[in-house]
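Morning, everyone. Let's put the chain up on the screen and go through it.

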Amino acid sequence: MPEVWEGKRYEMYESHNFNDYMYELGVGFFTRQIGNAVTPTIILEKNGNKYKLTTESTFKTSVIEFELGKEFDEVTLDDRNVKSVVTLEGNKLIHKQGGDKPTTITREFTPTELVAIMTIGKVVCTRKYRAV
C-alpha cells in the first residue's frame, strides 16, 4: 500500500513565524527577505530503504538523501553543515538537525496537505503545503 505522500508535490500556501525562525538561526536580513518571499515545493520519494527529500524554490533547491534512523551529513538551505537524523512516526517525518543551533522539523503528511513545524529553541514556525 503506498504512503499518503507518494507521487505528490506539496506547494506552500501559508507560513507563520518563518522570519523569527531564520533570525534565530543567524540568517542575515537580505536572505531572510528572500526566504520570506519564496513559496517552496516539497517532494518526498522512497527507493527501497532510502529516502530523498527535495525542497525547490526559485531561490534555492535542497536535496537530502537518507535512511531512517541513520545519521548523515547535511548542508542546510542556510548553508549550515550539520549532522542530521530522520525518523518516521506514522505519517510524521521527524528531522533533527544538530550543530551549534539544533533544530527539529516535523513534517506531517496527509493525502491533501503537508504541515511542517520547525523548532529552534523557543521559536516555532509553521508552514502549510497543499498536495498538487
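**Two loops, one histidine, and the overall fold**

I'll start with Asp79, which sits in the loop between β5 (72–75) and β6 (81–89). Keep in mind that this is a predicted model. Phi of Asp79 is near 70°. That is a positive value, in a residue other than glycine. Is Asp79 buried or exposed? Exposed, because its relative accessible area is 53% and the cut-off for exposed is over 50%.

There is another positive phi to look at. Asn17 has one of about 75°, and Asn17 is not a glycine either. Where is Asn17? In the loop between β1 (10–16) and α1 (18–25). Its relative accessible area is 33%, so Asn17 counts as partly exposed.

Now step back to the whole chain. How many helices and strands does the chain have? Two helices and ten strands. Reading along the sequence, we get β-α-α-β-β-β-β-β-β-β-β-β. So a strand opens the pattern, then the two helices, then a run of strands to the end.

Next, dimensions. Along the principal axes, the C-alpha atoms fill a box of roughly 45 × 30 × 25 Å. The radius of gyration is 14 Å. For 132 residues, a compact globule would come out near 14 Å, so the chain agrees with that expectation.

On to burial and contacts. Of the 132 residues in the chain, 36% are buried. Take the contacts with a separation of 6 or more: 36% of them join residues 24 or more positions apart. The accessible surface comes to about 7600 Å². Carbon and sulfur atoms hold 50% of that surface.

Charges, briefly. The chain has 18 positive and 19 negative charges. The mean positions of the two sets are 1 Å apart.

Last stop, His95. You'll find His95 in strand β7 (residues 92–97). Its relative accessible area is 1%, so His95 is buried. Which side chains make polar contacts with the side chain of His95? One is Glu74, at 2.9 Å. Another is Arg107, at 3.1 Å.

His95 also has a list of contacts beyond four places away in sequence. Among them are Ile64, Phe72, Val85, Val86 and Ile105. Ser84, Thr103 and Thr104 are on that list too. So are Glu74 and Arg107, the polar partners just mentioned.

One more distance for His95. Leu68 is 27 residues away along the chain. The C-alpha atoms of His95 and Leu68 are separated by 9.7 Å.

To recap the residues: Asp79 is exposed, Asn17 is partly exposed, and His95 is buried. That's it from me.

Definitions and conventions. Residues numbered from 1 in each chain as written. Predicted model: local features only at pLDDT ≥ 70, side-chain atom pairs only at ≥ 80, totals over all residues. Heavy atoms only, no water. Helix = DSSP H or I, 4+ residues; strand = E, 2+ residues; numbered from the N terminus. Rg over C-alpha atoms; globule rule 2.2 N^0.38 Å. Buried < 20%, exposed > 50% of the residue type's maximum accessible area, 1.4 Å probe, protein only. Contact = heavy atoms within 4.5 Å. Areas by Shrake-Rupley, 256 points an atom, 1.4 Å probe, with all protein chains shown as cover. Lys, Arg positive; Asp, Glu negative; His and termini not counted. Charge placed at Lys NZ, Arg CZ, Asp CG, Glu CD. Polar contact = N/O pair within 3.5 Å; in protein donor to acceptor, adjacent residues only side chain to side chain.
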